[in-house]
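Please work through the exercises below with the sequence and the model side by side, and try each task before reading its solution.

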Amino acid sequence: MRERIQKAVETRAAERAANFGPEVMRYAEKAILLQTLDHDWREAHCQSRPSPAVCRPARYRPTRSVDRIQSEAFELFEALLSKLRFDVVTQLMHIQISVQPPPDLSQQPLPQMRASHIDPLTGEDEMQAGFDLNAAYGADLPVDPNNPQTWGKVQRNAQCPCGSGRKFKHCHGALV
């Protein structure tokens, strides 16, 4: 009887591996094993209550109770492994796998994108059609190296417009 059941299980596993491929089956087996182990461990951990002998410090426990606790822990661990094997095989025999190809995104049109950036000084949307970013920062004005009023907004790490060759933050930007 045991041999017939084992043969039926192996036949079903081989059919599934042939239908879905070994990679999909290995992924399903790993996922089921981890989920079942997590569930069984939480269930066993939540049901166990430490006895007063376990809660006392080690120097107060006689050697016999330590041996008893170790043997009980080993028995619980063996029972957990046995339950894990049974649960994993049961779930693997009842799982329904459906493999769907990923959707073809090249056929779908992309949504329209809209960008905006509100200038905190003026309150205007800098990305709005008709808003001239260069005019807002004075970029269309001629730059006079001797007159900082004509420089407009200069980035901190950009070269200083005065022509010194240093960064703006170390030159005229240090004064701001």
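The exercises that follow deal with a helix, the salt bridges, the cysteines and a few single residues.

The model is predicted, so local features need pLDDT of at least 70 and side-chain atom pairs count only at pLDDT 80 or more, while totals for chains, interfaces and linings use all residues. Residues are numbered from 1 along each chain as its sequence is written, and side-chain values use heavy atoms, with hydrogens and water left out.

**Exercise 1. A helix and its end**

Task: Compare the reach of helix 1 with the expected span, and describe the residue just after the helix.

Solution: Begin with the term itself: helices are DSSP runs of H or I with at least four residues, numbered from the N terminus. Helix 1 covers residues 2-20, which is 19 residues. The expected span is 1.5 Å times one less than the number of residues, and for helix 1 this comes to 27 Å. From first C-alpha to last, helix 1 reaches 27 Å, close to that expectation. Glycine 21 comes just after helix 1 and takes a positive phi of about 95°.

**Exercise 2. Salt bridges within and between helices**

Task: Find the partner of glutamate 29 in a salt bridge, and then work out which residues are linked with Lys83 in a network.

Solution: A salt bridge is a side-chain nitrogen of Lys or Arg within 4 Å of a carboxyl oxygen of Asp or Glu, and the structure holds five of them.

Step one concerns helix 2 (residues 22-47), where glutamate 29 and arginine 26 are three residues apart and therefore separated by about one helical turn. The two form a salt bridge whose closest N and O atoms are 2.7 Å apart. To describe their surroundings we use relative accessible area, where buried means under 20%, exposed over 50% and partly exposed in between (1.4 Å probe, protein chains only). Glutamate 29 is partly exposed at 28%, and arginine 26 is partly exposed at 45%.

Step two turns to aspartate 40, which forms a salt bridge with lysine 83 at 3.5 Å between the closest N and O atoms. This pair links distant parts of the chain, since aspartate 40 is in helix 2 and lysine 83 is in helix 4 (residues 63-94), 43 residues apart. Aspartate 40 is buried, with a relative accessible area of 3%, whereas lysine 83 is partly exposed at 34%.

Step three adds aspartate 87, which forms a salt bridge with lysine 83, the closest N and O atoms being 2.9 Å apart. These two are four residues apart in helix 4, so about one helical turn separates them. Aspartate 87 is buried, with a relative accessible area of 16%. Taken together, Asp40, Lys83 and Asp87 are linked in a network of salt bridges.

**Exercise 3. Cysteines in a core**

Task: List the residues of the largest nonpolar core, and explain why cysteine 171 is not bonded to cysteine 160.

Solution: A nonpolar core is a set of buried Ala, Val, Leu, Ile, Met, Phe, Trp, Tyr and Cys residues joined through side-chain atoms within 4.5 Å. The largest one has five residues, namely Trp151, Val154, Cys160, Phe168 and Cys171. Both cysteines are buried, as cysteine 160 has a relative accessible area of 6% and cysteine 171 is at 13%.

Next, apply the distance test: a disulfide is a pair of cysteine sulfur atoms within 2.5 Å. The sulfur of cysteine 171 has its closest cysteine sulfur in cysteine 160, 3.7 Å away, which is too far for a bond. The structure holds zero disulfides. Cysteine 160 is likewise in none, the nearest cysteine sulfur being that of cysteine 162 at 3.5 Å.

**Exercise 4. Far in sequence, together in space**

Task: Which residues are in contact with arginine 156, and which with isoleucine 95, when neighbours within four places in sequence are left aside?

Solution: Contact means heavy atoms within 4.5 Å. Arginine 156, in the segment after helix 5 (133-136), is in contact with Lys167, Phe168 and Lys169. Arginine 156 and lysine 167 are eleven residues apart in sequence, and their C-alpha atoms are 7.1 Å apart. Arginine 156 is exposed, with a relative accessible area of 56%.

Isoleucine 95 lies in the loop between helix 4 and helix 5, and is in contact with Arg16 and Ile32. At 23% relative accessibility, isoleucine 95 counts as partly exposed.
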